[in-house]
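Trainee: I would like a close look at one part of this model, the ligand site and what lies around it. Please take me through it step by step.

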Amino acid sequence: MTLDIRAFLFDLDGVITDTAEFHYLSWKRLCEEEGIPFTREDNDQLRGVSRRESLNRILKARAIDEATAQAWMDRKQGYYLQYLDTITPDMALPGVRDLLLEAKSLGIKRAVASASKNAKPALEKLELIDLFDAIGDGYSVVHTKPAPDLFIWTAGRLDITPTQGIVFEDAEAGIDAALKGGFWTIGLGSADVSRAHVRLPNLAGARVGDLLAKLSEPSLT
Ligand code: BG6
Ligand code: MG
């Protein structure tokens with residue numbers, strides 16, 4: 001089967017840059033201040049999900065009132081902004097910039113589809129924002145990953161159907177969202193992306209032709 005790929009849709013945190021680590025350190029600081037246990041394994045469950053859902057997962061069965069929840073999310077965001085301020089263009093993950101430039105040269109559209117409300121400032125700090133045709137972020141839809149809404153919203157902005165898009169994700173919630181939406185998926189990194197069509201450790205050395213060839217393998221189409 002010949003694929004008709006017209007766009008690449010990238011998650012941000014953990015795919016374009018390692019801000020997943022900044023989210024971890026920010027939640028960790030809040031949890032230490034509030035006496036809540038929080039490990040790196042706990043943090044893997046937060047990949048791709050919204051700020052509010054992250055707090056719910058951190059709290060587990062613990063109940064707090066709405067005003068406290070809001071204050072804790074604001075405090076975590078304050079810590080995160082301090083990290084965001086340290087982002088420089090060399091902090092794009094290996095291979096990302098080259099893949100974006102190659103896709104552009106081949107006429108493949110590029111978008112970000114991130115649950116984060118900090119996606120645009122992060123892309124500005126990375127000096128990558130001009131390479132994208134559309135940006136879906138934590139303000140774009142009500143139901144974020146693992147619902148497919150954000151990817152579908154972003155595909156609409158790109159004027160493509162889901163089967164014309166490849167989603168790059170490092171999170172289980174993100175792969176599930178993309179699959180539900182009907183997109184092709186490339187899972188990156190060490191979290192559970194086992195349901196992705198293709199899995200890679202990272203995008204270092206990734207070339208458009210190789211990615212399309214992997215997705216065209218008969219077992220997948
Ligand atoms: C996702 C991250 O991209 O954005 C999650 O993987 C994070 O860890 C979510 O919770 C929301 O981010 P923000 O920046 O709006 O708090
Ligand atoms: Mg991610």
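Mentor: Start at ligand 1. Of the 15 residues around ligand 1, those that come nearest are Asp13, Arg51, Ser116, Lys117 and Asn118. Keep in mind that this is a predicted model.

Three polar contacts to ligand 1 are worth finding on screen. A polar side-chain atom of Ser116 sits 2.6 Å from an oxygen atom of ligand 1. For Arg51, an N or O atom in the side chain is 2.7 Å from an oxygen atom of the ligand. Gly48 uses its backbone instead: an N or O atom there lies 2.8 Å from an oxygen atom of ligand 1.

Now go back to Asp13. Its O atom also coordinates the magnesium ion (ligand 2), together with Asp11 (OD) and Asp170 (OD), at 2.0 to 2.1 Å. Along the sequence, these donor residues follow the spacing D-x1-D-x156-D. Asp11 and Asp170 link distant parts of the chain, 159 residues apart. Asp11 lies in the loop between strand E1 (7-10) and helix H1 (19-34). Asp170 lies in the loop between strand E4 (165-169) and helix H8 (172-181). Both Asp11 and Asp170 are buried.

Follow the chain on from Asp170. E4 pairs with E5 in the parallel sense, over four bridges. Glu169 has Gly187 as its bridge partner in E5. The chain gets from E4 to E5 through H8, and this β-α-β crossover is right-handed.

Look at E5 itself, residues 184-188. Five of its five residues are buried, so the strand is largely enclosed by the rest of the structure. Trp184, Ile186 and Leu188 point one way from E5, while Thr185 and Gly187 point the other way. E5 is also joined to strand E6 (residues 198-200) by three bridges, and the two run parallel. There, the bridge partner of Leu188 is Leu200 in E6.

One last residue: Thr154, in helix H7 (residues 149-158). Its relative accessible area is 0%, so Thr154 counts as buried. What does its side chain meet? A polar atom of the Thr154 side chain lies 2.7 Å from the backbone oxygen of Leu150. Leaving aside residues up to four places away in sequence, Thr154 touches Leu9, Ala111, Val112, Ala113, Ala134 and Gly136.

To retrace the route, begin with Asp13, one of the residues that come nearest to ligand 1. Then step to the magnesium ion, which Asp13 helps coordinate. From Asp170, go on through H8 to E5.

Key. Residues are numbered from 1 along each chain as its sequence is written. Chains are lettered from A and ligands numbered from 1 in the order in which they are written. This is a predicted model: local features need pLDDT of at least 70, side-chain atom pairs count only at pLDDT 80 or more; totals for chains, interfaces and linings use all residues. Side-chain values use heavy atoms; hydrogens and water are left out. Buried means under 20% relative accessible area, exposed over 50%, partly exposed in between (1.4 Å probe, protein chains only). A polar contact is a pair of N or O atoms within 3.5 Å; within protein, one must be able to donate a hydrogen and the other to accept it, and residues adjacent in sequence count only if both atoms are side-chain atoms. Contact means heavy atoms within 4.5 Å. Donors are N, O and S atoms within 2.8 Å of the metal (3.2 Å for Na, K and Ca); water is not among the atoms, so sites may look incomplete. Two strands pair if DSSP finds at least two bridges between them. A crossover is right-handed if, with the strands pointing away from the viewer, the path from the first strand over the helix to the second runs clockwise. A residue is near a molecule or strand if one of its heavy atoms lies within 4 Å of it.
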